[in-house]
Amino acid sequence: MSAHRVESPAAEPANDDIKPATAGAEPVYTEPGSPEFRRISLALFLAGYATFSLIYCVQPLLPELARDFAVSPASSSLALSLTTGFLAFAILLAGAVSEAFGRKQLMFASMCGASILNLIAPLLSDWHAFLVVRALEGLILGGVPAVAMAYLAEEMHPRGLGTTMGIYISGTALGGMSGRVVIGILTDMFGWHLALGAMGALGLLAALGFVILLPASRNFVRRPGFQLSYHIRAWEGHLRHPGLPFVFLIGAFAMGCFVTVYNYAGFRLSAAPYDLSQGQISLIFVVYLCGMVTSSIAGAMSDRIGRGPVLLAGILIAGVGVALTLLSSLWGMIGGIMVLTSGFFVAHSVASGWVGRMAKQSKGHASSLYLLAYYLGSSIMGSVGGWFWSHGGWDAVAAFAGALLIGAAICGTYLWQAARRAEAVA
């Protein structure tokens, strides 16, 4: 049975992002299968799409940016690393700000602002100005990921949380694919400037669909003002949790591996013996469709058989994918990226849902810490991978990516064993 509101329209607040909720009251969840469940799933799918298409649309352009702006491969990666780095810290602030102003409005404003900046970026001819706009884009986009995870954790019935989290992650997968594939094709046809602007326009359309579809929060309790001490206590409490810091590390290691491979695959494939064009390279990233499928499946499986085994399976699959990229054939490289993408999205989907289940309160703060680690892993490891590319080629990049996955597997094993011990005691 789906959740229903009983307030009369006259009793509702002017801000339709927030409906009355009382601290300590029994939450009114949205049930799986209800019309609102489907609306929320589609709205958050669009949010994931817009966010990740805007973040990663520059990734396949790194060789183009290196040539046009006369910078090194490692320096060109700053167009992505600065975005994810500023995004990481903005997420902390976004989670706190949303506690005072609400979830829906902040996500919508963030999507619109970042889309507009993506329209401005291709008009710039100075490399440093371009990087500033990309950094600001990451800063503004911080209003989406942590808040989206908190919204789902608050509004969705625990029975369907894994499924909806998987759908949201599949939206991020489609955005990541669109940001790479569409922009590569458009770059071959019209140049990267027009292609980058087109991604901004698509982001605005996704934002419009999001704000129309997403229902108002039911279980959100507004905290007026910015109470720094409250937020510090909430973050500190999550960092002292026996399990959450390990989930945060999994996000950092897994994302660091994933972005490192994607950052430098374009440089490898555009050089001999492959000599692929920008459009041809971008088509390889259609394998993101595998991530859309596996993230949805993984979310549902984790609800049924447990998060530990599904998480470790995803990490193992990702490791097999990294190993396959070491093959010299083009099909080995493509197959490796496909398998890595499938495994990564399994791990990310499970870890994202685990944060919401472990955190008993201040779920927005817990989500923001997970995504802080996740995007710092992307920003730092993605740029560090450039050193391995310059000094050891693809073999060194693959070894670095594999080491990051080993770190994620160690953390996942600890969490699985801890969960089994807790179940045995209960």
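Ala, Val, Leu, Ile, Met, Phe, Trp, Tyr, Cys and Pro count as nonpolar, Asp, Glu, Lys and Arg as charged, and the others, Gly among them, as polar. The views below show a predicted model.

**View 1. The lining of the second largest pocket has 12 nonpolar, 4 polar and 5 charged residues.** The second largest pocket is lined by 21 residues. Its volume is about 540 Å³. Look for Trp 354, Met 358, Ala 419, Ala 422 and Glu 423, the lining residues nearest the pocket's centre. Which helix gives the most to this lining? Helix 16 does, with 8 residues. Helix 14 (307-324), helix 15 (330-358) and helix 16 each supply at least two lining residues.

**View 2. The largest nonpolar core has 125 residues.** Seek out Leu 44, Leu 65, Leu 152, Tyr 168, Leu 196, Tyr 370 and Tyr 375, which have the most contacts inside this core. Helix 16 (residues 363-425) gives the most to the core, with 18 residues.

**View 3. Leu 44 and the residues it touches are shown here.** Which residues does Leu 44 touch, leaving out those up to four places away in sequence? They are Ala 148, Tyr 151, Leu 152, Tyr 168 and Leu 214. Leu 152 and Tyr 168 also belong, with Leu 44, to the residues that have the most contacts inside the largest nonpolar core.

**View 4. Ser 379 sits in helix 16.** Is Ser 379 buried or exposed? Ser 379 is buried, because its relative accessible area is 13%, under the 20% cut-off. Ser 379 touches Ser 81, Thr 84 and Gly 85, not counting residues up to four places away in sequence.

**View 5. Cys 57 and Cys 290 are two cysteines without a disulfide partner.** A disulfide is a covalent bond between the sulfur atoms of two cysteines. How many disulfides does a search of the whole structure find? The search finds 0. Why does Cys 57 form no such bond? The closest cysteine sulfur, in Cys 112, is 16 Å from the sulfur of Cys 57, so the two are too far apart for a bond. A pair counts as a disulfide when the sulfur atoms are within 2.5 Å. Cys 290 is in no disulfide either. The cysteine sulfur nearest to Cys 290 is that of Cys 257, 16 Å away. Cys 57 is buried, with a relative accessible area of 0%. Cys 290 counts as partly exposed, because its relative accessibility is 22%.

**View 6. A cis peptide bond joins Ala 272 and Pro 273.** Omega is about 5° at this bond. Where is Pro 273? Pro 273 lies in the loop between helix 11 (244-270) and helix 12 (278-284). Asp 275 has its place in the loop between helix 11 and helix 12 too. Its phi is near 55°, a positive value in a residue other than glycine. Asp 275 is exposed, with a relative accessible area of 52%. Most residues other than glycine have a negative phi, and most peptide bonds are trans.

**View 7. Ala 70 has a positive phi, though it is a residue other than glycine.** The value is near 55°. Ala 70 lies in the loop between helix 2 (62-68) and helix 3 (73-76). Is Ala 70 buried or exposed? Ala 70 is exposed, because its relative accessible area is 69%, over the 50% cut-off.

Notes
Residues are numbered from 1 along each chain as its sequence is written. This is a predicted model: local features need pLDDT of at least 70, side-chain atom pairs count only at pLDDT 80 or more; totals for chains, interfaces and linings use all residues. Side-chain values use heavy atoms; hydrogens and water are left out. A nonpolar core is a set of buried Ala, Val, Leu, Ile, Met, Phe, Trp, Tyr and Cys residues joined through side-chain atoms within 4.5 Å. Buried means under 20% relative accessible area, exposed over 50%, partly exposed in between (1.4 Å probe, protein chains only). Helices (H or I, at least four residues) and strands (E, at least two) are DSSP runs, numbered from the N terminus. Contact means heavy atoms within 4.5 Å. On a 1 Å grid over the protein atoms alone, a cavity is a set of points where a 1.4 Å probe fits but cannot get out, and a pocket is an open set with protein on both sides within 12 Å along at least five of seven lines; lining residues have an atom within 4 Å of a point. Grid points are joined across faces, edges and corners, and a volume is the space filled by probe spheres set on the points.
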